[in-house]
Amino acid sequence: MKIAVVGLGYVGLPLSLQFARSCVSVLGLDVDDKKVRLLNDGQSYIKHISPSAIADLVTSGKFSASTEFSRIKDVEAIIICVPTPLTKNREPDISFVLETGRAIAPHLSKGALVVLESTTYPGTTDEDLREVLEKGSGMKAGTDFHLAFSPEREDPANRDSNVKSIPKVVGGYTQTCLNKTISLYSRAIDNIVPVSSCRVAEATKLLENVFRSVNIALVNELKLVYAAMGIDVWEVIEAAKTKPFGFMPFYPGPGLGGHCIPIDPFYLTWKAREYGKHTRFIELAGEINTAMPEHVVNRVSTALNHQQKALKGSKVLVIGLAYKPNVDDERESPSYVLMRLLIESGATVEFYDPYVSVIKPTREHPQFAGKKSVEWSRATVENFDVVLIATNHSALNYQELGTWARCIVDTRNAMASVKDASAKVWKA
Ligand SMILES: NC(=O)c1ccc[n+]([C@@H]2O[C@H](COP(=O)([O-])OP(=O)(O)OC[C@H]3O[C@@H](n4cnc5c(N)ncnc54)[C@H](O)[C@@H]3O)[C@@H](O)[C@H]2O)c1
C-alpha cells in the first residue's frame with residue numbers, strides 16, 4: 001500500500017514513520033523544502049525523533065519526502081496533518097487545511113481516501129474540506145473518493161507513548177469511508193475506535209483538549225486561593241492523587257502553552273456561536289490561564305522587593321522556553337509572554353533552555369527571533385538578580401541552581417526536592 005502524509009511536523013512525521021515501519025510505503029509532503037531535504041538526508045528536526053529511525057526507513061525505500069503534491073496521484077490514501085492555528089482575532093484559521101485540499105484535489109485518484117487529522121471544529125471535514133476537494137477534483141465524496149476525520153493524540157516527550165499503541169478514533173463521511181479508514185489505520189495502529197461521523201471524531205478531540213484546559217485552570221485558580229490561606233497547592237495535589245478513583249492530577253503553571261490546549265478550545269467557541277450557544281467553561285478557563293503570566297511577574301516583583309530591588313533595572317533569567325518539560329517545542333509558550341511582560345516592566349531578560357539554543361522567528365513574538373540561550377554555569381546564574389523557572393526540564397541540575405541563584409521564582413514546584421534552597425525560593 002502507498003499513502004501520502006501532508007504536513008511533516010510534530011504529528012505528521014511520527015505518523016509517517018509508524019506507517020513506514022508497518023510496511024506501508026509513505027510519501028511525506030510538506031511545503032517546507034528545508035524539512036524535505038533534511039528528511040531525505042535521514043536527519044531529524046524534532047528532538048524526540050531519532051535521525052537513525054528516519055535514515056533506516058529512507059534507505060529501505062519505505063519513506064521519502066517531497067514538495068511535489070502532484071505525486072499523490074499514485075497513492076491510495078492521503079492523511080492531512082497541517083497546522084490549525086488561531087487568527088490574530090482568535091478565530092479558527094483553517095486556511096492550511098483548505099490550501100492542502102486545493103493542492104491535492106486535482107491529483108486525487110478515483111477511490112482514494114482523504115483523512116484529516118488536524119484538530120478543528122465539527123464540520124470542517126464534511127463541510128469545508130469536502131467542498132474544496134469536490135470542487136478541485138470534480139468528484140463526489142463518499143462516491144468517487146472517501147473522506148474521514150481522525151484526531152491525533154501525540155504526547156511529545158512521553159517515552160511510554162507511541163503512535164502504534166495510542167487508540168485511534170476514526171469517523172467517516174459514509175459507512176464505506178469509515179470502513180476504508182479503519183482498514184488503513186489498522187495496518188499501523190493497534191486499537192481503532194470507530195465513531196458514527198466525522199463530526200463526532202472532531203468533537204472528541206475538542207473534548208479531550210477542553211478537559212485539559214479547564215482542569216489546568218481549576219488548579220491555577222486553587223493555587224491562588226490556597227496560597228492566600230498559606231496552603232501549598234502542590235502538596236494538596238500530591239495528597240489528592242492518592243485517591244484511587246475519581247481524581248486525576250493536573251498541575252498549575254505559568255500559563256498554557258503548546259500548539260493545542262491554548263488554541264483548540266476556541267475552535268469550539270467560534271463554531272458554537274453559529275448555533276447560538278456559549279462555551280462558558282472554555283472562556284472562564286481561558287481567562288484564568290491567560291492571567292497566570294501576570295500573576296507570575298507580580299511574584300517576581302515581590303521576590304525582588306524583599307531584596308530591596310525593583311523589577312525595573314533587575315536582571316531576570318527565565319529557565320525553560322519550551323512550553324512543557326523535556327521537549328524542544330516552544331510554540332505558544334508562556335515563557336514568551338513572561339519575557340515580554342518583564343521587559344515591559346524595565347527588567348533585562350535572558351533565557352536558558354537546554355533544548356532551545358536560539359529562538360526561531362514567530363508570528364506572535366517577532367522581537368525575540370535570534371535571541372540565544374545563555375550557557376549553564378555558576379558565573380552566569382550568579383549574575384542574575386532572580387531566576388524564574390517557567391519550565392521544569394528534567395535535565396536541569398536544580399541542586400546547582402539552588403546553590404548558584406540569588407533568588408528563585410518557581411512556577412512548577414521544581415525546587416521542591418532541593419535541600420537547603422527553600423529560603424530563596426518563591427513559589428508562583
Ligand atoms: N503537536 C502536537 O502535539 C499535536 C497533538 C495533537 C494534534 N495536533 C494537531 O495536529 C495538527 C498539526 O500540528 P503539528 O504540531 O504537527 O504542527 P507542525 O507545525 O509541527 O507541523 C505542520 C507541518 O505542516 C507543514 N505545512 C504547513 N502548511 C502546509 C501545506 N499547505 N501543505 C503541506 N504542508 C504544510 C509545515 O511546514 C509543518 O511541517 C494541528 O492541527 C494540531 O492542532 C498537534
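Which residues come nearest to the ligand? I began with this question, and among the 27 residues around the ligand I found that Tyr-10, Val-11, Asp-30, Lys-35 and Thr-84 come nearest. I note at the outset that what I am reading is a predicted model.

**Entry on the ligand**

I then looked up single atom pairs at the ligand, beginning with its oxygen atoms. A polar backbone atom of Val-11, one of the residues that come nearest, is 2.8 Å from an oxygen atom of the ligand. For Val-82 I wrote down a backbone N or O atom that lies 3.5 Å from an oxygen atom of the ligand. On the nitrogen side, I found that an N or O atom in the side chain of Glu-99 is 3.4 Å from a nitrogen atom of the ligand.

**Entry on the second largest pocket**

I turned next to the second largest pocket, for which I recorded a volume of about 690 Å³. Its lining is made of 27 residues, and those that lie nearest its centre are Arg-90, Pro-262, Thr-290, Glu-332 and Glu-364. When I sorted the lining by kind of residue, I counted eleven nonpolar, eight polar and eight charged. I also asked myself which helix gives the largest share of this lining. The answer is H10, from which seven residues come. Helix H10 covers residues 280-305, and both this helix and helix H11 (334-344) supply at least two residues of the lining.

**Entry on the cavity**

I looked for enclosed space as well, and the count came to one cavity of 30 Å³ or more. About 60 Å³ of space lies in the largest cavity. Around this space I listed Pro-151, Glu-152, Arg-153, Val-163, Ile-166, Pro-167, Lys-168 and Ile-189 as the lining. These residues divide into five nonpolar and three charged, with no polar residue in the lining.

**Entry on helix H9**

In helix H9, which runs over residues 265-274, I found Pro-265, Phe-266, Tyr-267, Thr-269, Lys-271 and Ala-272 to be buried. What do the buried residues of H9 pack against? They pack against helix H5 (124-137), helix H7 (198-228) and H10, the helix that I had already met in the lining of the second largest pocket. After H9 comes Gly-276, and I noted that the phi of this glycine is positive, near 70°.

**Entry on Leu-57**

I picked out Leu-57, which is found in helix H3 (residues 51-59), and asked whether this residue is buried or exposed. Leu-57 counts as buried because its relative accessible area is 9%, and the cut-off for the word is under 20%. Leaving out residues up to four places away in sequence, I found that Leu-57 touches Leu-17, Ala-20, Arg-21, Lys-62 and Phe-63. For one of these, Ala-20, I also wrote down the separation: Leu-57 and Ala-20 are 37 residues apart in sequence and 6.8 Å apart in space, C-alpha to C-alpha.

**Entry on Ala-390**

Where does Ala-390 lie? I found this residue in the loop between strand S11 (386-389) and helix H13 (398-404). Ala-390 is buried, with a relative accessible area of 1%. Its contacts, not counting residues up to four places away in sequence, are Pro-254, Val-318, Ile-319, Gly-320, Ser-335, Leu-338, Thr-411 and Arg-412. I closed the entry with the pair Ala-390 and Lys-427, which are 37 residues apart in sequence and 11 Å apart in space, C-alpha to C-alpha.

Definitions and conventions. Residues are numbered from 1 along each chain as its sequence is written. This is a predicted model: local features need pLDDT of at least 70, side-chain atom pairs count only at pLDDT 80 or more; totals for chains, interfaces and linings use all residues. Side-chain values use heavy atoms; hydrogens and water are left out. Helices (H or I, at least four residues) and strands (E, at least two) are DSSP runs, numbered from the N terminus. Buried means under 20% relative accessible area, exposed over 50%, partly exposed in between (1.4 Å probe, protein chains only). Contact means heavy atoms within 4.5 Å. On a 1 Å grid over the protein atoms alone, a cavity is a set of points where a 1.4 Å probe fits but cannot get out, and a pocket is an open set with protein on both sides within 12 Å along at least five of seven lines; lining residues have an atom within 4 Å of a point. Grid points are joined across faces, edges and corners, and a volume is the space filled by probe spheres set on the points. Ala, Val, Leu, Ile, Met, Phe, Trp, Tyr, Cys and Pro count as nonpolar, Asp, Glu, Lys and Arg as charged, and the others, Gly among them, as polar. A residue is near a molecule or strand if one of its heavy atoms lies within 4 Å of it. A polar contact is a pair of N or O atoms within 3.5 Å; within protein, one must be able to donate a hydrogen and the other to accept it, and residues adjacent in sequence count only if both atoms are side-chain atoms.
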